[in-house]
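Please work through the following exercises with the structure in view. Each task is followed by a solution in steps.

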There are 2 protein chains.
Amino acid sequence: MSASQPAKETTPKTRRGQASRERLVEAAVQSVVDHGIHQMRLDEVLTSAGSSKSQMYHYFSDRDALVEAAVAHRCDEFLGQLGPAFESVSALSDLKTLLRAFAAEYARELKGCPIGTLAGELSSGPEPARQLVVEAFAAWENHLERALQRIKAAGELRADADTGHLALGLLTALEGGMFLSQVRNDPTPLEVALDGALDRLASLRE
Amino acid sequence: MSASQPAKETTPKTRRGQASRERLVEAAVQSVVDHGIHQMRLDEVLTSAGSSKSQMYHYFSDRDALVEAAVAHRCDEFLGQLGPAFESVSALSDLKTLLRAFAAEYARELKGCPIGTLAGELSSGPEPARQLVVEAFAAWENHLERALQRIKAAGELRADADTGHLALGLLTALEGGMFLSQVRNDPTPLEVALDGALDRLASLRE
DNA sequence: TAGAACTTGGACCGGATGGTCCAGAGGGAG
DNA sequence: CTCCCTCTGGACCATCCGGTCCAAGTTCTA
């Protein structure tokens with residue numbers, strides 16, 4: 001056994017235990033989304049999961065470990081949706097459509113970015129959880145860049161277009177847009193930010 | 001006497017009281033910047049202000065009121081710097097220089113946006129404080145738009161350039177850039193985001 | 001079916017933290 | 001100089017909340 005986790009932390013060994021652990025993590029995710037990481041209360045999570053303290057401390061070493069699992073779960077879920085969606089992007093119009101759809105869906109709730117809000121709250125939080133979000137952003141950026149590379153390979157972008165910079169620019173535009181839209185409770189900022197970033201792409205057309 | 005504040009909240013009536021209240025607010029700002037709004041502890045604020053509970057509750061109805069004062073103070077301070085800086089912008093090159101300097105200064109610390117981090121933490125926080133930040137963003141956007149209008153009036157932007165959209169685009173780029181730079185602890189995202197937004201402005205030149 | 005391993009309920013603990021209270025010190029006005 | 005309002009120290013309180021513990025219940029395995 002490796003000595004990676006300093007405290008005791010049991011992994012479920014029966015189907016029942018597995019289910020309990022999962023309910024716990026999902027309830028934690030919900031609470032984090034509703035109130036934020038620092039405002040997530042164990043009691044609430046436990047109640048909403050129909051669970052009890054002993055169960056939680058059976059599967060997690062402490063509160064931070066639960067938070068980390070919740071963050072990981074959220075990131076996986078998010079990237080799990082993003083991956084397939086980006087696979088099928090091979091033309092500028094595809095990218096445009098995909099991002100517009102993303103913005104449109106976001107406009108329904110105007111809650112912050114699913115992983116961005118976590119990142120903000122974790123800037124001075126437990127390091128392992130923070131790292132997970134950083135990696136999730138990197139994965140997102142990669143999806144964008146690979147899509148841009150395909151688009152470029154297809155001859156839709158000038159040869160000197162820097163796909164790395166463009167991907168990062170797109171990502172920052174999305175984050176900034178979602179953020180301001182949340183703050184103002186108005187979809188406009190995200191739309192404007194996205195339009196601006198896409199315009200810029202269009203201007204680099206071959 | 002108006003009935004605007006539901007709880008008792010004394011305003012300082014001597015020079016001494018005035019000074020005490022100010023120390024309290026400044027210490028609160030510091031604590032908020034260091035640990036975030038929700039992690040701001042009264043005890044820490046009081047200690048660092050060389051003050052005591054009774055003083056705090058003498059000038060503020062409760063914790064939230066102190067937080068609100070701290071948020072207001074921070075916003076005022078920020079806008080107080082921004083205003084004069086923008087006054088002297090009348091050409092595209094001025095704006096470019098100003099924003100680049102802003103980014104460069106930000107790169108030294110890579111802490112989040114002075115008011116953006118507050119906004120994020122207040123998204124589910126006390127409404128009055130939240131409102132202050134929303135207004136601060138509006139003021140910032142106004143500075144940007146007025147500067148763009150002057151630039152346009154000087155003939156540096158095409159007549160059909162939408163200064164409103166451009167200002168909002170600039171703001172979201174800055175926020176998204178600062179945010180990602182903070183998350184990654186790397187000045188690059190802000191630089192790239194800003195370059196992108198400025199490029200776009202340049203492409204709308206007359 | 002019996003025992004071992006896994007899982008769970010829920011009482012209990014202690015520290016952290018926001019909030020209350022009042023007696024006394026400080027300082028301005030008459 | 002005195003009086004009174006302002007300001008301050010710090011003890012005290014209630015509660016929230018993460019964390020501990022153990023006995024009892026449940027499920028797997030031999």
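**Exercise 1.** Determine how many residues each chain gives to the contact between chain A and chain B, and describe the side that belongs to chain A.

*Solution.* Step 1. Two residues are in contact if their C-beta atoms, placed from the backbone, lie within 7 Å. By this criterion, 32 residues of chain A and 32 residues of chain B take part.
Step 2. On the side of chain A that touches chain B, at least two residues each come from helix H6 (116-122), helix H7 (127-153), helix H8 (163-184) and helix H9 (188-203). Helices (H or I, at least four residues) and strands (E, at least two) are DSSP runs, numbered from the N terminus. H8(A) gives the most to this side, with 14 residues.
Step 3. Sorted by class, the side of chain A has 12 nonpolar, 16 polar and four charged residues. Here Ala, Val, Leu, Ile, Met, Phe, Trp, Tyr, Cys and Pro count as nonpolar, Asp, Glu, Lys and Arg as charged, and the others, Gly among them, as polar.

The model is predicted: local features need pLDDT of at least 70 and side-chain atom pairs count only at pLDDT 80 or more, while totals for chains, interfaces and linings use all residues. Residues are numbered from 1 along each chain as its sequence is written, and chains are lettered from A and ligands numbered from 1 in the order in which they are written.

**Exercise 2.** State which rotation and shift superpose chain A on chain B.

*Solution.* Step 1. Copies are superposed by least squares on the C-alpha atoms of residues with pLDDT of at least 70 in both. The result is a rotation of 180 degrees with 0.0 Å of shift along its axis, at an RMSD of 0.1 Å.
Step 2. The two copies are therefore related as by a two-fold rotation axis.
Step 3. Within chain A, A:Gly176 comes closest to the rotation axis, its C-alpha lying at 1.8 Å. The same surface serves both copies, since 100% of the contact residues of chain A recur in chain B.

**Exercise 3.** Identify the residues that come nearest to DNA strand D and the classes of the surface near this strand.

*Solution.* Step 1. A residue is near a strand if its C-beta atom, placed from the backbone, lies within 6 Å of it. There are 24 residues around DNA strand D, of which A:Leu42, A:Arg63, B:Gly17, B:Ser20 and B:Ser54 come nearest.
Step 2. H3(B) provides the largest share of this surface, four residues.
Step 3. The surface near DNA strand D consists of three nonpolar, 11 polar and 10 charged residues.

**Exercise 4.** Find the residues that come nearest to DNA strand C, and the element with the largest share of the surface near this strand.

*Solution.* Step 1. Around DNA strand C there are 24 residues, and A:Gly17, A:Ser20, A:Ser54, B:Leu42 and B:Arg63 come nearest.
Step 2. The largest share of the surface near DNA strand C is that of H3(A), with four residues.

**Exercise 5.** Is A:Leu110 buried, exposed or partly exposed?

*Solution.* Step 1. A residue is buried if 20 or more other C-beta atoms lie within 10 Å of its own, exposed if 12 or fewer, and partly exposed in between.
Step 2. A:Leu110 has 16 C-beta neighbours inside 10 Å and so counts as partly exposed.
Step 3. A:Leu110 lies in the loop between helix H5 (92-109) and H6 of chain A. Although A:Leu110 is not a glycine, it has a positive phi of about 60 degrees.
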